[in-house]
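Visitor: Please take a close look at chain A and describe what meets it.

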Number of protein chains: 2
Amino acid sequence: MVAVMCSRKGRPRSAEADSAILEATRAALGELGWSKLTMGEVATRAGVAKTTLYRRWPAKSELVVDAVAVLFDELELPDRGSLAADVEGVVIQFAALLERPETKTALMAVVAESTRDEALRARIRTSIVDRQKRLVLLGRERAQTRGELPREPDTAKAARTADLIFDVIAGAVVHRTLVSAEPVDEEWARTFTALLLGGLASVQS
Amino acid sequence: MVAVMCSRKGRPRSAEADSAILEATRAALGELGWSKLTMGEVATRAGVAKTTLYRRWPAKSELVVDAVAVLFDELELPDRGSLAADVEGVVIQFAALLERPETKTALMAVVAESTRDEALRARIRTSIVDRQKRLVLLGRERAQTRGELPREPDTAKAARTADLIFDVIAGAVVHRTLVSAEPVDEEWARTFTALLLGGLASVQS
DNA sequence: CCGCTTTCGCTACGACCCGTAGCGTAACTT
DNA sequence: AAGTTACGCTACGGGTCGTAGCGAAAGCGG
């Protein structure tokens, strides 16, 4: 959402229109895909004038980022008792999210667009990426509390390791799902988690 | 690159036009990005009529796949003496390839498009993905010859492990480069390789 | 209650790109 | 030489883009 701060006079923007637009965007994205998704189509579905759309989002890509971002808030990290179980759980969850047609088509297209648009990349980072990275930090914290992982005194090194883990988990799941186009089932999640945690032990030492 | 075989009469298609089109596509892709890349622009740059383009490629996405595919042939796996060195080398190489503006924007956009187009996905698989997977198989073969990895008698399990490794390597590098937008330098490659090989040991057992 | 400000829906518009059809010409096969 | 196919060129209807202008509606200030 665009933070509108210095406008306290006049007619306020309709919050219903906002949610209707984002909802319509997700629906149209799932049915039509990225390339056939047009601003006019979204406006019609939302019951809103096309100009209203352009008053809030300058481009299709930014609209889609906002529309899809909320879906990533569904990702949770329930305590399953062990680090391995936690990782397996989030892998399955993330894969399920990527199976949905809205997200699978949107995520790649938006990242592709962001290679030429620094502002869009920043938006993706704050709206989507950082929300996932939070899970990595939480999972590590829990594992350290359980005594499964040692506490790393070097803050910079700890941050680098967290980034590495994040890239490996998210990257592998995305690649498996969207490029290899093969399912992320229980078995794959278990094997992958074993690989990750086993490797983590050798990096830590 | 459509394999036309059953036409032995009449004027043959110009091979120069083919290479000019693919070259023009790569150049335009690097300068304009995916969304602003038009068929007319490519035709103009290649010095070719727009209709000639459509006679060979039905859509922009398929053209781009063919244009970018040859770049992935640059990937090599020189024998660096150890499995770790081989992996580090291919990681650096792959990351360097993804740094090029033609490839970084093309790969994501094409994958995004492929979520709605099964034929395109197949084309990506044969033109790009399988050519990379080949490197994984070669690297494992070498490591087994060196005695660094045990030979897996179970063929199915060996294939699953190879797929897993492939998804982890390619996924992590892509995610690091395009989503996290941070550099894949020597240090990252070294740490990542340690993670991968260390984990591989625990999976094998 | 009434002006002020901003947003809303609507229409229209030029610009661009799409993908195709038709034509005459060029190139290669037999 | 005859046949067949690819080529460049032009033109076209259809669609989307992003913007401008309008009058009406909705909240805020007095």
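Guide: The account below takes the partner chain, then the DNA, then the interior division of the chain.

This is a predicted model, in which local features need pLDDT of at least 70 and side-chain atom pairs count only at pLDDT 80 or more, while totals for chains, interfaces and linings use all residues. Residues are numbered from 1 along each chain as its sequence is written, chains are lettered from A and ligands numbered from 1 in the order in which they are written, and side-chain values use heavy atoms, with hydrogens and water left out.

The partner of chain A is chain B, and each of the two gives 47 residues to their contact (heavy atoms within 4.5 Å). About 3,800 Å² is buried between chain A and chain B, with carbon and sulfur atoms making up 62% of it; buried area is the accessible area, for a 1.4 Å probe, that two parts lose on being put together, summed over both. On the side of chain A, the residues that lose the most area to chain B are Arg116(A), Asp167(A) and Leu195(A), which together account for 17% of what that side buries.

Charged pairs also cross this interface: four salt bridges are found between chain A and chain B, a salt bridge being a side-chain nitrogen of Lys or Arg within 4 Å of a carboxyl oxygen of Asp or Glu. Glu187(A) and Arg160(B) form a salt bridge, with 3.1 Å between their closest N and O atoms. The interface further holds 14 residue pairs in polar contact, both at pLDDT 80 or more (N or O atoms within 3.5 Å; within protein, one must be able to donate a hydrogen and the other to accept it, and residues adjacent in sequence count only if both atoms are side-chain atoms).

The side of chain A that touches chain B draws two or more residues from each of helix 1 (15-32), helix 6 (101-114), helix 7 (118-146), helix 8 (155-179) and helix 9 (186-204) of chain A; helices are DSSP runs (H or I) of at least four residues, numbered from the N terminus. Helix 8 of chain A gives the largest share of that side, 13 residues. Sorted by class, the side consists of 23 nonpolar, 12 polar and 12 charged residues; Ala, Val, Leu, Ile, Met, Phe, Trp, Tyr, Cys and Pro count as nonpolar, Asp, Glu, Lys and Arg as charged, and the others, Gly among them, as polar.

Chain A also takes part in the surface near DNA strand D, where near means that a heavy atom of the residue lies within 4 Å. Tyr54(A) is one of the residues that come nearest to the strand, out of 23 around it. Of the strand atoms within 4 Å of the protein, 61% belong to sugar and phosphate. Tyr54(A) itself places a polar side-chain atom 2.8 Å from a phosphate oxygen of DNA strand D. From chain A, helix 2 (39-46) and helix 3 (50-56) each supply at least two residues of this surface, although the largest share, four residues, comes from helix 3 of chain B.

Within chain A itself, an automatic or database assignment gives domain 1 (15-56) and domain 2 (69-204). The centres of these two domains, taken over C-alpha atoms, lie 29 Å apart. Their contact takes five residues from domain 1 and nine residues from domain 2. The area buried between the domains is about 570 Å², 78% of it from carbon and sulfur atoms, and Arg26(A), Leu29(A) and Trp34(A) supply 81% of what domain 1 buries against domain 2. Between the two domains there are zero salt bridges and zero residue pairs in polar contact, both at pLDDT 80 or more.
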